[in-house]
Amino acid sequence: MRGATFNMKLYNRLHPPLLSSPPPVSLLHRARFTVSAARLDQLPAPTTAEVCFVGRSNSGKSSAINVLTNQRRLAFSSKTPGRTRLINLFGIPDPLAPDAWLGFLVDLPGYGYAAVDRAARDEWAEVLGGYLHERASLAGVVLLIDIRRGVTDLDRRLARWIALRGLPTLALLTKADKLPYGQRIQAAARARKDLADIGTLTALPFSATHRIGLDEAAAHIENWISPQAVP
Ligand code: GDP
């Protein structure tokens, strides 16, 4: 009788190689469009943590939401007519209870369109100011600021609303790929000074196209939504 030959295929089936642990997937990647509201009274009852995104039109808000959620067209650019004048809620399903939402990312209407008339501006102030003032479930604010443009008067007005409630804020200085490193750091320091009204502020250079600041921003937002979450 011939001795048993070593069967590599059988060995591999019985002793599968230890899987190297996959990179952690951000909770934010699970976000799904849930509902749009034109007015505050159309929003669902506040039940779970919300993180809102605010910024001037063209600040890179939708690009930031799309890269943070790893989806190409979850949020629409301010150049797209339609959903951009609405409050859009993106739900993050609870991994442990698929029918429940762990939290929401809330895309608020962009502001500062040169062309908008007074009535539209007032409506914006009512929606945005009302949401920031009253929304009980608001856990944190992501403020998008074009890094080359810096903090504008409208951003400062918004900062005062945020400061009134003492909401923690993450300022993302968008399109950071357009500036060399040293200038990015200077811009972040300037933004911190300009937004000093907001007590709890983190300001980060960010780029949706070059993924600058992406992991840090995602960790910050995840922590607001689910402080104990194990992704
Ligand atoms: P929104 O109007 O605030 O939603 O802004 P968008 O996300 O639509 O972006 C406005 C413009 O800025 C678009 O032309 C984007 O391609 C551009 N943009 C957005 N993010 C970045 C970025 O990280 N780097 C660069 N270079 N351009 C960006």
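These questions and answers walk through a predicted model.

Residues are numbered from 1 along each chain as its sequence is written. In this predicted model, local features need pLDDT of at least 70, side-chain atom pairs count only at pLDDT 80 or more, and totals for chains, interfaces and linings use all residues.

Colleague: Which strand gives the most to the largest nonpolar core?
Modeller: A nonpolar core is a set of buried Ala, Val, Leu, Ile, Met, Phe, Trp, Tyr and Cys residues joined through C-beta atoms within 7 Å. Buried means 20 or more other C-beta atoms within 10 Å, exposed 12 or fewer, partly exposed in between, with C-beta atoms placed from the backbone. The largest core has 56 residues; V142 is among those touching the most other members. Seven residues come from one DSSP run (E, at least two residues for a strand; H or I, at least four for a helix; numbered from the N terminus), namely strand 5 (residues 138-146).

Colleague: Which helix gives the most to the shell around the ligand?
Modeller: The shell has 18 residues, each with its backbone-placed C-beta atom within 6 Å of the ligand. The closest are K61, S62, S63, S77 and S78. Three shell residues come from helix 2 (residues 61-68).

Colleague: Is N70 buried, partly exposed or exposed, and why?
Modeller: N70 lies in the loop between helix 2 and strand 3 (87-94). Its phi is positive, near 60°, though N70 is not a glycine. Because N70 has 15 C-beta neighbours inside 10 Å, N70 counts as partly exposed.

Colleague: Is R211 buried or exposed, and why?
Modeller: R211 sits in the loop between strand 7 (201-205) and helix 6 (214-225). Because 11 other C-beta atoms lie within 10 Å, R211 is exposed.
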